[in-house]
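Please look at the model shown below and keep it in view while you read. The paragraphs that follow lead you from the inside of the protein chain to some unusual places in its backbone.

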Amino acid sequence: MSKQLHSAIFHPTLRQWAESGTEITPKNLMYPVFVVENDEAKEEIPSMPGVCRYGSKSLIKALELLVAKGLQAVLLFGVIDQLPKNSTGTSADSIDNPVIRLLPMLRAKFPELLIACDVCLCPYTDHGHCGILESSDGTINNDASIARLAEIALAYAKAGAHIVAPSDMMDNRIAAIKGILKREGFQETVALLSYAVKFASGFYGPFRDAAKSAPAFGDRSCYQLPSGARGLAAQAAARDVAEGADMLMVKPGLAYLDILRDVRNNYPNHPLFVYQVSGEYAMIHWAAANGALDLHRAVFETMKSFRRAGADVIITYYTPLILEELSKRL
Ligand SMILES: NCc1[nH]cc(CCC(=O)O)c1CC(=O)O
Ligand SMILES: [Zn+2]
Ligand SMILES: [Zn+2]
């Protein structure tokens, strides 16, 4: 007798059972936001229509609506154009840094909201690289970089971050950050989300626009992973787990679903994040805007694919659209 499948999917509840483990709820989402110096600002990003850079006041207004629809977690990126950029990224943890100023306001305004901070140097260095460079030849000085990243992570912890999320890809930064958080008494109140498996990707283009963080010369191929390197991806995740990462991330998303599944299988006990990056947002947006596909359908299908591949949490600029849609379905 030939196997038939239609009997398993003729009713909506049957279809739901068939997809179990891939539910999309507000708990599965983290919303990335760009935070600028001017409190009133709300600036559209041309390469990512619908995504804005916000000052503290306009961000709080925007988040009020989303929290009412169930928003659980945000990931903050600082973006500066008045504060100085220099070789060690001193503006990353100065008292005028927009993320550091925002954190106490967000904690007070949204006591239930979980707040993560991206930790990196590229938005704050004059050269736009994610670490500190050797003055002699422009290569990365890894020791100086991880010491500096640890200081920055500590500053965000002190200002009220629940999660610090280093995206720099320097070697052994997880141990450096865990170490300083422990020495300073934050070991029980700040979680470490590692961008453990981050590939050098063509899909970051719009973000570098948004965060004003494009490298002034060269590229990031000496610290981010080559896109075909499945073995290095496994090593990177293993290393960060050994160094004490509380949670792991794979980034970008759609082009790396196999890697996501590998990490899920190897580390079933660590919450797993996937980042649907700026270029993935833009790709779906422009295809839909030009009539090639249905926006909501395509977005939800990518969400399902991330959940199916093993992600617990999806970091996506589509969070507002998804929350809106989920609140309608209730
Ligand atoms: N450390 C920088 C950083 N942090 C997050 C992203 C990408 C996010 C996105 O594209 O949405 C990038 C870009 C890069 O590495 O060049
Ligand atoms: Zn960076
Ligand atoms: Zn970053």
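Five of the five residues of strand β9 are buried, so β9 is largely enclosed by the rest of the structure. Here a residue counts as buried if 20 or more other C-beta atoms lie within 10 Å of its own, as exposed if 12 or fewer do, and as partly exposed in between, with the C-beta atoms placed from the backbone. Strands (E, at least two residues) and helices (H or I, at least four) are DSSP runs, numbered from the N terminus. This is a predicted model, in which local features need pLDDT of at least 70 and side-chain atom pairs count only at pLDDT 80 or more, while totals for chains, interfaces and linings use all residues. Residues are numbered from 1 along each chain as its sequence is written, and chains are lettered from A and ligands numbered from 1 in the order in which they are written.

In a regular strand the side chains alternate between the two faces of the sheet. In β9 both faces are covered, since L272, V274 and Q276 on one side and F273 and Y275 on the other are all buried. Which strand pairs with β9 in the parallel sense? It is β8, residues 247-251, and the two are joined over three bridges; strands are said to pair if DSSP finds at least two bridges between them. Within this pairing, M249 stands opposite F273 in β9.

A second parallel pair is formed by β6 and β7, which two bridges join, and the bridge partner of I163 in β7 is A191. Strand β7, residues 191-198, is mostly covered, with seven of its eight residues buried.

Now turn to helix α9, which takes in residues 278-289. This helix has 12 residues and reaches 16 Å from its first C-alpha to its last, close to the 16 Å expected at 1.5 Å a residue, where the expected span is 1.5 Å times one less than the number of residues. The residues S278, G279, E280, Y281, A282, I284 and H285 of α9 are buried. What covers these buried residues includes α6 (205-210), β9 (272-276) and α10 (295-308). Just after α9, G291 takes a positive phi of about 80°.

The buried S278 of α9 also belongs to the surroundings of ligand 1, where C120, S167, F207, V277 and S278 come nearest of the 13 residues around it. A residue is near a molecule if its C-beta atom, placed from the backbone, lies within 6 Å of it. By class, this shell has six nonpolar, three polar and four charged residues, with Ala, Val, Leu, Ile, Met, Phe, Trp, Tyr, Cys and Pro counted as nonpolar, Asp, Glu, Lys and Arg as charged, and the others, Gly among them, as polar.

Some places in the backbone deserve a careful look. Most residues other than glycine have a negative phi, and most peptide bonds are trans. M169, however, has a positive phi of about 70° although it is not a glycine, and M169 is found in the loop between β6 (163-166) and α5 (173-183). N172 also has a positive phi, near 65°, and its place is likewise in the loop between β6 and α5. Is each of these two residues buried or partly exposed? M169 counts as buried because it has 24 C-beta neighbours inside 10 Å, whereas N172, with 15 other C-beta atoms within 10 Å, is partly exposed. Elsewhere, a cis peptide bond with omega of about -10° joins K251 and P252, and P252 lies in the loop between β8 and α8 (257-266).

Finally, consider the protein chain as a whole, whose secondary structure comes to 11 helices and 10 strands. With 330 residues, a compact globule would have a radius of gyration near 20 Å, and the protein chain has 20 Å, which agrees; this radius is taken over C-alpha atoms, and the globule rule is 2.2 Å times the number of residues to the power 0.38. Of the 330 residues, 44% count as buried. Among contacts between residues at least 6 apart in sequence, 75% join residues at least 24 apart, a contact being two residues whose C-beta atoms, placed from the backbone, lie within 7 Å.
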